[in-house]
Amino acid sequence: MQAPTPGSFENPLRVAVIGSGPAGFYAVEHLLAQTDLTVQVDLYDRLPTPFGLVRGGVAPDHQKIKSVTRIYDRIATHPQFRFFGNVEVGRDILRTDLAAYYHGVIYAVGAHTARKMGIPNEHLPGCHSATDFVGWYNADPDHHQRHFDLSGTSAAVVGNGNVAMDVARMLASPHEELATTDMADGAVAALKDSGIRTIHVLGRRGPAQAAFTNREIREFGELPGVDVIVDPADVDLDSASREALERSADKTVERNLAILRDYAERPPSGAPVRIVLHFAVSPVELLGTERVTGIVLAHNELYTASDGTVRPRATDRRTTIPIDLVFAAIGYRGVPLDGLPFDRKSGTIPSRAGRIIDPLSEEALVGEYVTGWIKRGPQGVIGTNKPCAQETVNSLLEDLHQGLIGHRVPQRAVLESLLAERQRHRVSYADWLTLDAWEKERGQAAGGRPRVKFTRVDRMIDALAEAGEAATD
């Protein structure tokens, strides 16, 4: 006999969401907001801590942005919600398990690896991805053992999106300001002793195409003890950029240009630290034998492509800048997951309106969905994930109503027994709130910082075990 359509009190619709960053939480929110269905949602994360890049990617001095986690905390209070932290798909629970225990699975796993520049000598010590640096200073457990030699005097940040701006700002910020944030203690200490005095920020297109926000570029000018250097010629727009701006009348771009022109007009004050913004340049080679000693830049000309976008094209002109450190901030990439289709060119799981697509048959994989950066690529801000997740959930609900999903699944207790056998250190949301409280207490004890983060998974698990033992004494 065919199972009744899920969604009743007796037979709830059961959905697993894999990844607890913004995309995952917004998917949970939209699922639990259904008034005509009973929905049970389990949210998984391979780390004990939720929130993804809100916790591990947002800059330490941007605490207001991190306040979005209050919304996620509210979502987590729903009685039909469960969190399984420190549970990794492919290690503790398999894709076949998810298909057996849930009516639908939404993958919100983000993009965890960095894009490569693809230039000679990128392997040299002193060349790093911004992804690693950001994870290190944000106390991400995957990066706590990283080491960055900051003893040199100059660094280059390749890219001009918000991540590039964050990296440059962390390198230039006074220790007194960093020490009041939730930056990892090891990073605070290392940056205090940093010798970096000049930071070159390299963008391959012009200032009118820069991906940073008004706030990010404006913050450079608010840093004490820092001169922001912009060549006046760079803000004298080329014809392709002028025409594109006239067509779009983009207010964000116009404000960015106004800020950059202000920097260009400021005489250097002789401040101890300089941020030098370069536009229309691309790295073509790193110099050095034992470690990075310089970077060779190709100067680009800008042109209007057939699709109307302004793109760079390398010229024969070259410039070499002596540097000691390079951070590539040219984007994130997703990674293949547990047998799912994967587009290696875009670094995403192929999908249509959130339904995962088999690239050979072009057919949707029934019951499997995707949202966030692994769906659309690393673009947009935190809020961009909300409509993205809603689209995906709506596709799942359409498939439910059309009878495409609805097989019988075991009770929740059966899954709990399975997970108990495979991962005895799984972390609940109540456990996370305990860790959260401890981090905040440690921050208060350290001079009123927002929190002092745990940087290692084993120490989180040990702390929770000790708390459990104390509660039973």
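Helices α1 and α14 sit oblique to each other, that is, at an angle outside the roughly parallel (under 35 degrees), roughly antiparallel (over 145) and roughly perpendicular (65 to 115) ranges. In this predicted model, local features need pLDDT of at least 70 and side-chain atom pairs count only at pLDDT 80 or more, while totals for chains, interfaces and linings use all residues. Residues are numbered from 1 along each chain as its sequence is written, and side-chain values use heavy atoms, with hydrogens and water left out.

The axes of α1 (residues 22-32) and α14 (residues 385-401) come within 8 Å and cross at roughly 50 degrees. Contact here (heavy atoms within 4.5 Å) involves P22, A23, Y26, A27, E29, H30 and L31 on the α1 side and N385, K386, A389, Q390, V393 and N394 on the α14 side. By class, that makes 7 nonpolar, 4 polar and 2 charged residues.

A second oblique pair is α6 with α7. Helix α6 (residues 130-137) packs on α7 (residues 162-172) at about 55 degrees, the axes being 10 Å apart. From α6 come A130, F133, V134 and Y137, and from α7 come V163, D166, V167, M170 and L171. This set splits into 8 nonpolar, no polar and 1 charged.

Then there is S129, which belongs to strand β6 (residues 127-129). S129 is buried (under 20% relative accessible area, 1.4 Å probe, protein chains only), at 14%. The S129 side chain gets to the backbone nitrogen of D132 at 3.1 Å. Neighbours within four places in sequence aside, S129 touches A114, F327 and A328.

Definitions and conventions
Axes are lines fitted to C-alpha atoms, for helices over the stretch in contact, and angles run from 0 to 180 degrees between N-to-C directions. Helices (H or I, at least four residues) and strands (E, at least two) are DSSP runs, numbered from the N terminus. Ala, Val, Leu, Ile, Met, Phe, Trp, Tyr, Cys and Pro count as nonpolar, Asp, Glu, Lys and Arg as charged, and the others, Gly among them, as polar. Buried means under 20% relative accessible area, exposed over 50%, partly exposed in between (1.4 Å probe, protein chains only). A polar contact is a pair of N or O atoms within 3.5 Å; within protein, one must be able to donate a hydrogen and the other to accept it, and residues adjacent in sequence count only if both atoms are side-chain atoms.
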